[in-house]
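Q: Hi! Could you walk me through this one while I have it open on my screen?
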Amino acid sequence: MTDPVDRPAAESYAPPAEHVVAWALLSLWILVLSLPMFGGNFIASPYNDQYFSGFAFREWAAQMTRQLGHVPLWNAELYGGLPFVAAMHGDIFYPTAWLRLLVGTTAGMNLGFAIHYVLAGGFMYWFLRRIDVGWAGAVLGGVAYQLSGVIGSYVSPGHDGKLFVSALLPLALVALVWALRDRRLEGHALLALTTGLALLSPHPQMVQYFLAAAGIMAVHFALTRMPDDGVRGVAL
């Protein structure tokens, strides 16, 4: 009788084009929840700071950027004037600012939410696959992360900055796996890029938790011994 310990581990299920299918599934739920934006509606709740102030200064910034040809540095239209960049008026230099220039403020802010919800699930799926979680478990983990109570509710109060950083966290964990476990130089570059994007987000407080979580995982990967048979994980 074969010893259970000696039995080979059963391969987990994975459909053809598994990564494409995974990203499609992780996009489906966000597409359904974002249906109001296709009617021109603002998907964040109309009773929050994002709607009453965030939208206004982002629309102003988009108009002034088109007129000036660069990001405005000073807002002379409030009180006696105040700095625009230095006063942290949201995602001024984050990539989502370009969306508002291309498709308008309402559509740009809506797309910022929808895209980052998809990225949150997709990056978590990627991270889980890198640490040897099976396909079904990684997809489930991605859905659980993007639609968890904390992250899934960010759209209601319009907390896009928190969502941006939350979406980038699992990508930083992928970078740490590459850099510290797999010893790939591109992992360091990806970590630098991810951290830089997080710092450009409009929520520096959330970046503190981002760095703390990444630091804890960095210690884990740095102290975990690599298996004798080489690098494990699913290459993506």
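A: Happy to. One term before we start: a residue is called buried when its relative accessible area is under 20%. At 10%, H89 therefore counts as buried. Keep in mind that this is a predicted model.

Q: Thanks! Where does H89 sit in the chain?
A: H89 is in the loop between β2 and α3.

Q: And which residues is H89 in contact with?
A: Leaving aside neighbours within four places in sequence, H89 is in contact with F57, L82, P83 and F84. With F84 there is also a polar approach: a polar atom of the H89 side chain lies 2.8 Å from the backbone oxygen of F84.

Q: Let me zoom out. What secondary structure does the protein chain have?
A: The protein chain has nine helices and two strands. Their order from the N terminus is α-α-β-β-α-α-α-α-α-α-α.

Q: What does the C-alpha trace span along its principal axes?
A: The C-alpha trace of the protein chain spans about 85 × 35 × 30 Å.

Q: How much of the protein chain counts as buried?
A: Of its 236 residues, 41% count as buried. As for contacts with a separation of 6 or more, 67% of them are between residues 24 or more positions apart.

Q: OK, aromatics next. How many aromatic pairs does the structure hold?
A: Six aromatic pairs. Take Y13 and W135: the ring centres are 5.9 Å apart and the planes are at 85°, so this pair is edge-to-face. The angle matters here, as planes over 60 degrees apart count as edge-to-face.

Q: Which parts does the pair of Y13 and W135 tie together?
A: Y13 lies in the segment before α1 and W135 in helix α5, so the pair ties together parts that are 122 residues apart in sequence.

Q: Is Y13 buried or exposed?
A: Y13 is exposed, with a relative accessible area of 58%. Its partner W135, on the other hand, counts as buried at 8% relative accessibility.

Q: And what about the rings of Y94 and F164, what kind of pair are they?
A: The rings of Y94 and F164 have centres 4.8 Å apart and planes at 10°, so they are stacked. This pair also links distant parts of the chain, with Y94 in the loop between β2 and α3 and F164 in helix α7, 70 residues apart. Y94 and F164 are both buried.

Q: What sits over the ring of W178?
A: The charged end of R184, 4.4 Å from the ring centre.

Q: Moving on to the inside. How many residues are in the largest nonpolar core?
A: The largest nonpolar core has 47 residues, and those with the most contacts inside it are Y117, Y125, F127 and F210. Elements giving two or more residues to this core are α1, α4, α5, α7, α8 and α9. The largest share, 14 residues, comes from α7.

Q: Which residues does Y125 contact?
A: Not counting neighbours within four places in sequence, its contacts include W23, L26, W135 and V139.

Q: Which residues does the other core have?
A: That core lies apart from the largest one and has five residues, among them W60, A61, F84 and I92.

Q: Tell me about W60: where is it, and is it buried or exposed?
A: W60 is in helix α2, and it is buried, with a relative accessible area of 12%. Beyond residues up to four places away in sequence, W60 touches P72, W74, N75, E77 and F84. The C-alpha atoms of W60 and N75 are 9.2 Å apart, with the two positions 15 residues apart in sequence numbering.

Q: Which residues of α1 are buried?
A: In α1, E18, A22, L26 and I30 are buried. An α-helix has 3.6 residues a turn, so residues three or four places apart point the same way. What covers the buried residues of α1 includes α4 and α5.

Q: Last one: where is F221, and which residues does it touch?
A: F221 lies in helix α9 and is buried, with a relative accessible area of 7%. Residues up to four places away aside, F221 touches F127, I131, L173, L176, V177, L180 and R181. The C-alpha atoms of F221 and L180 are separated by 5.9 Å, although the two are 41 residues apart along the chain.

Terms used: Residues numbered from 1 in each chain as written. Predicted model: local features only at pLDDT ≥ 70, side-chain atom pairs only at ≥ 80, totals over all residues. Heavy atoms only, no water. Phe/Tyr/Trp six-rings, centres within 6.5 Å; stacked < 30°, edge-to-face > 60°. Helix = DSSP H or I, 4+ residues; strand = E, 2+ residues; numbered from the N terminus. Buried < 20%, exposed > 50% of the residue type's maximum accessible area, 1.4 Å probe, protein only. Lys NZ or Arg CZ within 6 Å of the ring centre and 35° of its normal. Polar contact = N/O pair within 3.5 Å; in protein donor to acceptor, adjacent residues only side chain to side chain. Contact = heavy atoms within 4.5 Å. Core = buried A, V, L, I, M, F, W, Y, C linked by side-chain atoms within 4.5 Å.
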